[in-house]
Amino acid sequence: MTVRRLLPILALALAARSPVAATSFVRVSDEALVDQAAAVVVARIESVDRRAGARSGGPVATEYAVRLERALKGTLGGPELRVRVPGGEGTNGRSLFVPGAPEFRPGERALLFLEPAGPAGDNTFRLLHLFLGAFHEAEAGGLRLAVRDLAAASELRVTPEGLAPVPSTSATPEGPRGFEAFARWIAARAAGKAAPGYLAPPVKFTLYSDAADGNHLRWFAFDAGGAVEWRALDAGQPGLAGGGYAEFQKALRAWSDEPATRIDYRYAGTTPATAGLARSDGINSVVFDDPNGFVTPFDCARGGVLAIGGPWYETETTSWRGEPWHRIVEGDVVVNNGLSCLFARAGNPSRLAEEILGHELGHTLGLGHACGDAVTPACASNALLDQALMRAFVHGDGRGARLEADDRAGLRKLYDQGPAPAAPARLAALALSPVEVSLTWKDRSADETGFRVEMRTLDGEFSDIGSVPANLKGALVEGLQPASSYVFRVRASRGGVLSEPSNEAAVVTPAVPAPCVADTWTLCLSGRYRVQATWKARDGRMGQAAVLPIPAADSGLFWFLEPDNAELLVKAHDGCAENGRRWIFIGPATNFQYLLTVTDTRTGKVRVYFNPLGGSPRAVTDDDAFGDCP
Ligand SMILES: [Zn+2]
């Protein structure tokens, strides 16, 4: 089988940053806007008065006359509103320009978040959080959207290291809001009701594909519960205290911890191997400081590639869920040299390294970029894409290796296990010998790859004991204990995905016929019945029940904790004259769990009596215990 490498199309790079301009802001959530606003309205702008502030003797302000269409929140003092925005013409021949203050055109429709700006009842307002509270109606692609103008201001983000500017590549990284849907959502939230969603962004990851056939790449190792082991170059990463090993392990965990998939990337220690992406050496590894000169060195003055990562995969395809895929067989990440200056300047070098390594590991899983490269949209076009770990540019804002919605969507496409197959039905168990049980069931799934058999003792937990291939309708279980009780259930499996369990089927294995020999834990009744018991207390103590000797041939006693405290009375009764059967009576004087086994040593037939913890123990009259009457 030939194995070849996918050259990563684009590596992680640094985005240029814009200086913080005169107006800066930290984004306010839509929820907070609704909650803080005194009123939210859909309105039409009728006219503009740029001298309104000056005329009233107050601060320079522009006043818009606005006609109310619909109040989404709050009670207005009439349909004619005035909305004041800072800036405009002053009294002394000077005008004031306020960067970022919203401007409206007469005739346009808007969705406005308002707070009172005048005495109660005069219907004069200002915009809540200035431009953050002003949404214009805009047409795009046949849709009516609510958009606000963030371009004239610089966005800041609150990061663990303090305030950081948001890169200019995402100056207006807002998902589109449908105008009417957003209005409905606001009205519902203001009324305290559950609100339907209003964002309809195209969440769209990209996947690597083979240049020749266009098919995508994935690991198959996780499907059956396998893991992929990763190593890190023993020379370590310059510029990071500790050499980057802790950061790499965090980056591995970010992907493994994603609950919707079975991805299992594990750290397996260091390696001296430096091959990286230069050749496939069978080792999944991160190679620090690009020892092979794989890419042009990074330097902080000129920028450059930070790291590069990608999968090696089979040229032939393998079918998975009805589609051809290239099987990834190795992953490698090369961290560029010259990164020490970057880490030295980072507010949190560890988090920066985690993000870089996490991003490259995403490539080794088969993910391409979410946005920002030659084949994906500009990151500014969509807030969700812009947030992705797989964005082509490192965020570098202290977030570390953090998966976002778009990263998860891509992962699910590659590694989602799909719906579970249908559970088998009508499971039945039959003891064939003291050590063998035959199971039969009805196969109700069309797409299973096998069946998993689970077994427990009457007083135990289910555990997996093995599998049989697809389309079989039965299994033989061997190596069991004689004179023991077992419960079975079966699941259909497809890859690693298990169906719900079938019904449970219980069975008791017969004993090998042999005379009863009494001892500390074995009671012999009527010269033929071997009786043994185990017990378990609520506090977890457990043990084998001991015989409390009494001078009786057909009945006996067991004690659990102390010999002066009998817990179980067992009696054998020859009922052949009454109903043609031999009977067993049990008189419990205990609330412990017990499992009592009675074996007819002449025939090997076994009866098992189980009283679980917490069950109220009842006297047992088993008048159908054994046959073999004369
Ligand atoms: Zn990348």
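# Exercises on a predicted model

**Warm-up.** Pro513 touches Thr601, Arg602, Thr603 and Gly604, leaving aside residues up to four places away in sequence. The model is predicted. The exercises below start from this residue.

## Exercise 1: Pro513

Find where Pro513 lies, how far it is from Gly604, and whether it is buried, partly exposed or exposed.

*Solution.*
- Step 1. Locate Pro513. The residue sits in the loop between strand 29 (505–508) and strand 30 (523–525).
- Step 2. Compare sequence and space. Pro513 and Gly604 are 91 residues apart in sequence. Their C-alpha atoms are 4.7 Å apart in space.
- Step 3. Count neighbours. Pro513 has 13 other C-beta atoms within 10 Å. A residue is exposed at 12 or fewer and buried at 20 or more. Pro513 is therefore partly exposed.

## Exercise 2: Confidence

State the mean pLDDT of the chain, then find where confidence is lowest and where it is highest.

*Solution.*
- Step 1. Take the whole chain. The mean pLDDT is 86, and 90% of the residues reach 70 or more.
- Step 2. Go to the extremes. Strand 1 (residues 3–5) is lowest, at a mean of 34. Strand 17 is highest, at 97.
- Step 3. Look at residues 1–22. Their pLDDT is below 50, and the stretch has 62 contacts in the model beyond near neighbours in sequence.
- Step 4. Add residues 168–173. Here pLDDT stays under 50, and the model has 21 contacts beyond four places in sequence.
- Step 5. Apply the caution. Where pLDDT is low, predicted coordinates should not be read in detail.

## Exercise 3: The chain as a whole

How many helices and strands does the chain have, and what share of its residues counts as buried?

*Solution.*
- Step 1. Count elements. The chain has nine helices and 39 strands.
- Step 2. Check burial. Of the 630 residues, 37% count as buried.
- Step 3. Check contact range. Among contacts with a separation of 6 or more, 66% join residues 24 or more positions apart.

## Exercise 4: The largest nonpolar core

Name the residues of the largest nonpolar core that touch the most other members, and the elements that supply this core.

*Solution.*
- Step 1. Start at the centre of the contacts. The core has 56 residues, and Val286, Val335, Leu357 and Leu361 touch the most other members.
- Step 2. List suppliers. Elements giving at least two residues each include strand 17 (228–233), helix 4 (245–256), strand 21 (323–335) and helix 6 (349–364). The largest share, six residues, comes from strand 20.
- Step 3. Follow Leu361. Not counting residues up to four places away in sequence, Leu361 touches Ala251, Leu252, Trp255, Tyr265, Gly309 and Val333.
- Step 4. Note a second, separate core. It has 39 residues, among them Val60, Val66, Phe104 and Phe182.

## Exercise 5: Helix 6

Is helix 6 largely enclosed or largely open, and what follows it?

*Solution.*
- Step 1. Check length. Helix 6 has 16 residues and reaches 23 Å from first C-alpha to last. That is close to the 22 Å expected at 1.5 Å a residue.
- Step 2. Check burial. In helix 6, 15 of the 16 residues are buried, so the helix is largely enclosed by the rest of the structure.
- Step 3. Step past the end. Gly366 follows helix 6, with a positive phi near 110 degrees.

## Exercise 6: Strand pairing

Which strands pair with strand 4, and what is the strand order in the open sheet of five strands?

*Solution.*
- Step 1. Take strand 4 (residues 39–49) with strand 9 (residues 109–116). They pair in the antiparallel sense over six bridges. Val41 stands opposite Leu112.
- Step 2. Take strand 4 with strand 5 (residues 61–73). They are antiparallel over nine bridges. Asp49 stands opposite Glu63.
- Step 3. Read the open sheet. The order is 33-34-35-36-39, with antiparallel pairing. Strand 33 (546–548) and strand 39 (620–626) are its edges.

## Exercise 7: Two positive phi angles

Are Ala483 and Asp628 buried or exposed?

*Solution.*
- Step 1. Recall the background. Most residues other than glycine have a negative phi.
- Step 2. Take Ala483. Its phi is positive, about 55 degrees. With 21 C-beta neighbours inside 10 Å, Ala483 counts as buried.
- Step 3. Take Asp628. Its phi is positive, about 60 degrees. With 12 C-beta neighbours inside 10 Å, Asp628 counts as exposed.

How values were computed
Residues are numbered from 1 along each chain as its sequence is written. This is a predicted model: local features need pLDDT of at least 70, side-chain atom pairs count only at pLDDT 80 or more; totals for chains, interfaces and linings use all residues. Two strands pair if DSSP finds at least two bridges between them. Helices (H or I, at least four residues) and strands (E, at least two) are DSSP runs, numbered from the N terminus. A nonpolar core is a set of buried Ala, Val, Leu, Ile, Met, Phe, Trp, Tyr and Cys residues joined through C-beta atoms within 7 Å. Two residues are in contact if their C-beta atoms, placed from the backbone, lie within 7 Å. The expected span of a helix is 1.5 Å times one less than its number of residues. pLDDT is the predictor's confidence in each residue, from 0 to 100.
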